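User: Hi! I have a model open and would love a quick tour. Could you walk me through a few spots?

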Amino acid sequence: MATQTHCPYCSLQCGMRLSRRGRDTVVGTWDEFPVNEGAMCRKGWTSVDLLRHRERLTTPLVRDPDTGELRAANWDEALGIVADRIATIQAEHGRDAVAVFGGGGLTNEKAYTLGKFARACLGTSMVDYNGRWCMSSAASASVRSFGVDRGLPFPLADVEQTDVLLLVGSNLAETMPPAARHLDRLRERGGTVVVVDPRRTATAARADLHVQPVPGTDLALAQGLLHAVVAGGWVDQEYVDRRTVGFEAVRRSAMSWWPELTERVTGVVASQVRDLARLLGEADRVVVLTARGAEQHAQGSDTVLAWINLALALGQCGRPYSGYGCLTGQGNGQGGREHGQKADQLPGYRSIEDPAAREHVAAVWGVEPDALPGKGRSAYELLDALGTQDGARALLVLGSNIVVSAPNANHVTQRLDALDLLVVADVVMSETAARADVVLPVTQWAEETGTMTNLEGRVILRRKAVEPPEGVRSDLDVLAGLAERLGSPVALETEPEAVFAELARASAGGPADYAGIDYDRLTAEHDVFWPCPDPDHPGTERMFLDRFATPDGRARFHVVTHRGPAEQPCEAYPLHLTTGRVLAQYQSGAQTRRVRDLDDTGPFVELHPLVAGRIGVDHGEPVRVTTRRGTMQAPARVVDTARPDTVFVPFHWVGANLLTNDALDPASRMPEFKVCAASVSAVSAPAAASSEGGALPTIRPRFARPPARPATAAALAEGNGKWAETAGRAPRNVSSLPTSAAEGAS
Ligand code: SF4
């Protein structure tokens, strides 16, 4: 009997069937699920490798202060230590001294419970998640323009029916390959695919037109196109008058961006700007989609606003098979940003600063509105302050591998090491878990049931298909166990269906309204699009057809100004560095780097033959990339698909983010992952491709002194008599850590 469920990785959330063959679990197609129609990429096909992986964590681990090593513990001991340390730290330093950090891969139920745990149990405002680094610029822009953020306000398959698809900073042929079939079908219909990307990616290679701007200049390109659209008389004035506000100021702001100036800033020749404007202007239907290439910048939200301005001027948003959308990255990047694990949000995509929203959610949780903390720090700002006078002293991490995925990773790792307590719940010993004081082994994907909301706002049920290994618990159990030990004023549900029912009540009336969705309905219908305010509502496949979600129903134009990257090339750092993904790996690689049948090439440095010639390296030879924040070494990949002023490094291994810039977008607080100034040189001694290319700080023991509160000290002594006097011990060899109950039990 096969179980219909969904892939553990990206935001497409491809449907699949899992069944047993002897002792093995095998992946089969689920042809009827409309998002992927049976297609999957290699990551989906090989995903079951994670379920019985030899590196799977199956017993809690606590760091022994005498040896500095992690050792096996039972759940009572591990949760007791965490709860006691949290209680002590909060008693000494206040509620905000404890922070929690979530992830865009967590189910809706987990994201919701994590936010509730932070606000109602810990009473801390310090909660944010790694989706801040993924989606926040597009989300911020969509809320400002349309009044609500649903990444794609229409099904992805709609792009097959458009006339021109403009993909800005998306390499979907490699990041979500089954989605590329929509491009092929569009072209078979006679439509046109345009890709804007500094690299000639696999997606760009399949396009009709590839526009290759200098990294960090997408906003200027959008302004130049708007200028040419206005000059060509292609503004849909009737639509602009009827459905939007603020065009005149935006029109004036674009007037200085004549194509020749646009060429000077972006490197895109003026004739191509004019030709593209004509293509867009003369098309009946246009879809503009942005992704991380356009968004992960210190002017990322303004860049997205600029593309939305263009789509609005063309009269495309809120019409069938037309409009603007964003391609979410992480598996639950959409739902993960709707239900309360973000520093400024309550469930249902409500603002934590809205008194009515606070009252509604507090009533669902059974607490007073005043008991809920206010807005906290964004992800990078939260991490940047860890262990400082002003920052949190303890951090609980669920579903995130911060050490690999944070920008300026060397600095962030130092901040993690400055904590009094780092707790990581994960399925394998990620680079972040390896630095923790307590590691909690948790269930994953096919071992548990929960809902996800894919990039289209389609809520789906990811069903449990296999029993988890003995010894692991779900994140929901972990949070409930901690809440109980901390004497929380609210109890936390642990059954996913009950959590979802509560989430639906908490979201009722909010922008992301799930009130009409439940597990029975998801089982019967397979998916429901939000908003869905009541059980009789069919769900909302296409948004904005009649009105936008603003008070007057009109979309907003916004004047934006090109500022360029926070770091420009200079004599010492003469190139642009950009980062991204490869087909066989996913995000920080904690899962996919462990799957045997996925290529693990290690990091590499992609550079143009002109750059390779200048520094004297051939394909495959080691090169060193240096920025103001760090350095890494990896083999060169000499390709003519790169710009001669730009080098590219994939971010799935330790290395790329040692280099990236932590400059933040002022509106979204998104770091500038996608561009910084770099130098590249040959490495005299050969170096193999490996994650050792980058260098992280050595792991150091924590708990250098006994906890001050006698009760906590007693509790710690009871649980583990060795939690004192550990300063100055030697670094640990993390490769020797126990990874299973059998290896770890003592
Ligand atoms: S990684 Fe994404 S595209 Fe690949 S199978 Fe999974 S959900 Fe589908």
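User: Let's start with the backbone: which loop does Asn 408 lie in?
Analyst: Happy to help, and keep in mind that this is a predicted model. Asn 408 lies in the loop between α17 (402-405) and α18 (409-417).

User: What is phi of Asn 408 near?
Analyst: Phi of Asn 408 is near 50°, which is a positive value in a residue other than glycine. Most residues other than glycine have a negative phi.

User: And the peptide bond from Trp 530 to Pro 531, is that cis or trans?
Analyst: That bond is cis, with omega near -5°. Pro 531 is in the loop that runs between β21 (527-529) and β22 (555-556).

User: Switching to the ligand, which residues surround the ligand?
Analyst: Four cysteines are there, Cys 7, Cys 10, Cys 14 and Cys 41, along with Tyr 9, Leu 12, Gln 13, Met 40, Lys 43, Gly 44, Met 176 and Pro 178.

User: How does that shell divide into nonpolar, polar and charged?
Analyst: The shell around the ligand has 9 nonpolar residues, 2 polar and 1 charged.

User: Now helices: at what angle do α8 and α10 pack?
Analyst: Helix α8 (residues 218-231) and helix α10 (residues 247-254) pack at about 105°, and their axes are 8 Å apart. Angles of 65 to 115 degrees count as roughly perpendicular, so α8 is roughly perpendicular to α10.

User: Which residues meet there?
Analyst: From α8 come Gln 223, Leu 226, His 227 and Val 230, and they meet Phe 247, Val 250, Arg 251, Ser 253 and Ala 254 of α10. By class, this contact has 5 nonpolar, 3 polar and 1 charged residues.

User: Last one: how much space lies in the second largest pocket?
Analyst: About 490 Å³. The second largest pocket has 26 lining residues, with Val 143, Lys 342, Asp 344, Gln 345 and Tyr 349 nearest its centre.

User: What supplies the largest share of its lining?
Analyst: That is α4, with 5 residues. Both α4 (136-146) and β15 (350-351) supply at least two residues each.

User: And by class, what lines the second largest pocket?
Analyst: Its lining divides into 11 charged, 8 polar and 7 nonpolar residues.

Technical notes. Residues are numbered from 1 along each chain as its sequence is written. This is a predicted model: local features need pLDDT of at least 70, side-chain atom pairs count only at pLDDT 80 or more; totals for chains, interfaces and linings use all residues. Side-chain values use heavy atoms; hydrogens and water are left out. Axes are lines fitted to C-alpha atoms, for helices over the stretch in contact, and angles run from 0 to 180 degrees between N-to-C directions. Helices (H or I, at least four residues) and strands (E, at least two) are DSSP runs, numbered from the N terminus. Angles under 35 degrees count as roughly parallel, over 145 as roughly antiparallel, 65 to 115 as roughly perpendicular and the rest as oblique. Contact means heavy atoms within 4.5 Å. Ala, Val, Leu, Ile, Met, Phe, Trp, Tyr, Cys and Pro count as nonpolar, Asp, Glu, Lys and Arg as charged, and the others, Gly among them, as polar. A residue is near a molecule or strand if one of its heavy atoms lies within 4 Å of it. On a 1 Å grid over the protein atoms alone, a cavity is a set of points where a 1.4 Å probe fits but cannot get out, and a pocket is an open set with protein on both sides within 12 Å along at least five of seven lines; lining residues have an atom within 4 Å of a point. Grid points are joined across faces, edges and corners, and a volume is the space filled by probe spheres set on the points.
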